[in-house]
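Biologist: I am new to this structure and would like to know how its descriptions are justified. Please take my questions one at a time.

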Amino acid sequence: MNAKRWLAGLGLAGAAGAAWSQASNGLPLFVAQGPGGTSYSVPIQTLLFFTALSFLPAVLLLMTAFTRIVIVLSLVRQALGTQAAPPNQVILGLSLFLTFFVMTPTFDKIYADAYAPWAAGTLPVDQAMAQGVAPLREFMLKQTRQSDVQLFAKLAKLPPEVKGADVPLTVLVPSFVTSELKSAFQIGFMIFIPFLVIDMIVASVLMSLGMMMLSPVLVALPFKLMLFVLADGWNLLLGSLAASFAT
């Protein structure tokens with residue numbers, strides 16, 4: 001009920017603002033309304049564009065593969081023991097482009113099913129948004145654990161008969177993020193094991209030699225780098241990350 005009241009209030013405010021704009025400036029809100037949907041004037045299109053643009057960072061972070069990728073790459077840097085190599089800019093840039101690589105089929109489907117028909121004027125805005133969200137929902141559902149969906153569906157007090165494909169985005173998005181965090185930390189755990197073994201071996205050797213003042217982390221760093229390079233770690237890591245989204 002509160003959500004409906006908020007939406008009703010926003011609708012009334014928008015209607016009042018449109019009426020005030022028409023009365024004061026004579027600027028039309030709608031240009032035309034036909035079978036292809038409502039055509040908005042240029043100022044309204046600009047306002048809608050910048051409003052949607054402000055949500056893009058949240059969409060990128062919480063509704064794509066970016067979360068898992070950036071967390072795993074950060075854990076790899078921590079496991080290696082390099083504080084600033086690779087730097088944050090490189091990790092974020094690599095995560096961004098790897099996200100685009102993973103999400104390309106989904107983005108292509110959104111463009112073909114929603115944006116292209118809407119741009120051609122053959123699909124109304126509301127239907128274009130519904131068809132554009134569908135591929136993103138499908139991607140998130142494939143990567144989300146059923147237990148996480150059930151948890152947030154229970155917190156949202158949804159009926160038990162509601163299936164995962166029918167849950168609203170307010171339930172699906174936090175479920176997807178929770179599953180991505182679990183998957184990222186599971187991958188990070190597997191990555192940490194060989195580097196932890198090297199740290200333990202180096203620390204044991206230094207202790208047996210009586211070199212208490214020499215930092216085991218400093219001595220183990222070149223060995224961990226050598227292991228990562230000889231095992232072609234970046235190839236294995238990035239390939240495994242991209243393959244982890246294939247279902």
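Biologist: Which are the buried residues of α6?

Modeller: This is a predicted model, and in it the buried residues of α6 are Ala 128, Gly 132, Pro 135, Leu 136, Arg 137, Phe 139, Met 140 and Gln 143. They pack against α4 (66–80), α5 (88–119) and α8 (169–208).

Biologist: How do you know that the length of helix α6 agrees with its 19 residues?

Modeller: Helix α6 covers residues 125–143, and at 1.5 Å a residue it should span 27 Å. Its end C-alpha atoms are 28 Å apart, which agrees.

Biologist: How many helices and strands does the protein have, and in what order do the elements run?

Modeller: There are 10 helices and two strands. From the N terminus on, the order is α-β-β-α-α-α-α-α-α-α-α-α.

Biologist: What share of the residues counts as buried?

Modeller: Of the 247 residues, 29% count as buried. The accessible surface of the protein comes to about 15700 Å², and 72% of that belongs to carbon and sulfur atoms.

Biologist: Why is Thr 64 called buried or exposed?

Modeller: The relative accessible area of Thr 64 is 2%. Buried means under 20%, so Thr 64 is buried. Thr 64 lies in the loop between α3 (56–62) and α4.

Biologist: What does Thr 64 touch, not counting residues up to four places away in sequence?

Modeller: Thr 64 touches Val 59, Thr 99, Met 103, Phe 107, Phe 139, Phe 176 and Glu 180. One of these, Phe 139, is also among the buried residues of α6.

Biologist: Lys 224 is in helix α9; what makes Lys 224 count as buried?

Modeller: The relative accessibility of Lys 224 is 3%. The cut-off is under 20%, so Lys 224 counts as buried. Leaving out residues up to four places away in sequence, Lys 224 touches Ala 79, Leu 80, Gly 81, Phe 195, Ile 198 and Asp 199.

Biologist: Leu 206 lies in helix α8, and Val 205 is found there too. Why is Leu 206 called buried and Val 205 partly exposed?

Modeller: Leu 206 has a relative accessible area of 7%, and buried means under 20%, so Leu 206 is buried. Val 205 has 41%; partly exposed lies between under 20% and over 50%, so Val 205 is partly exposed.

Biologist: What does each of the two residues take part in?

Modeller: Val 205 helps make a nonpolar surface patch of about 840 Å², together with Phe 189, Met 190, Ile 193, Val 197, Ile 201, Leu 209, Met 211 and Leu 214. Leu 206 touches Met 211, Leu 214, Ser 215, Pro 216 and Val 219, not counting residues up to four places away in sequence. The C-alpha atoms of Leu 206 and Pro 216 are separated by 7.2 Å, and the two residues are 10 residues apart along the chain.

Biologist: Which residues of helix α10 are buried, and how do you know that they line one face of the helix?

Modeller: The buried residues of α10 (residues 233–243) are Gly 233, Leu 237 and Leu 241. Seen down the axis of α10, they fall within an arc of 50°, so they line one face. An α-helix has 3.6 residues a turn, so residues three or four places apart point the same way.

Biologist: What is on the face of α10 turned away from its buried side, and what do its buried residues pack against?

Modeller: The face turned away carries the exposed residues Asn 235 and Leu 236. The buried residues of α10 pack against α4, α5, α8 and α9 (216–230).

Note on methods. Residues numbered from 1 in each chain as written. Predicted model: local features only at pLDDT ≥ 70, side-chain atom pairs only at ≥ 80, totals over all residues. Heavy atoms only, no water. Helix = DSSP H or I, 4+ residues; strand = E, 2+ residues; numbered from the N terminus. Buried < 20%, exposed > 50% of the residue type's maximum accessible area, 1.4 Å probe, protein only. Areas by Shrake-Rupley, 256 points an atom, 1.4 Å probe, with all protein chains shown as cover. Expected span 1.5 Å × (residues − 1). Contact = heavy atoms within 4.5 Å. Patch = residues over 30% accessible without salt bridge, like charges linked within 9 Å, V, L, I, M, F, W, Y side chains within 5 Å. Salt bridge = Lys/Arg side-chain N within 4 Å of Asp/Glu carboxyl O. Arc of directions from axis to C-beta.
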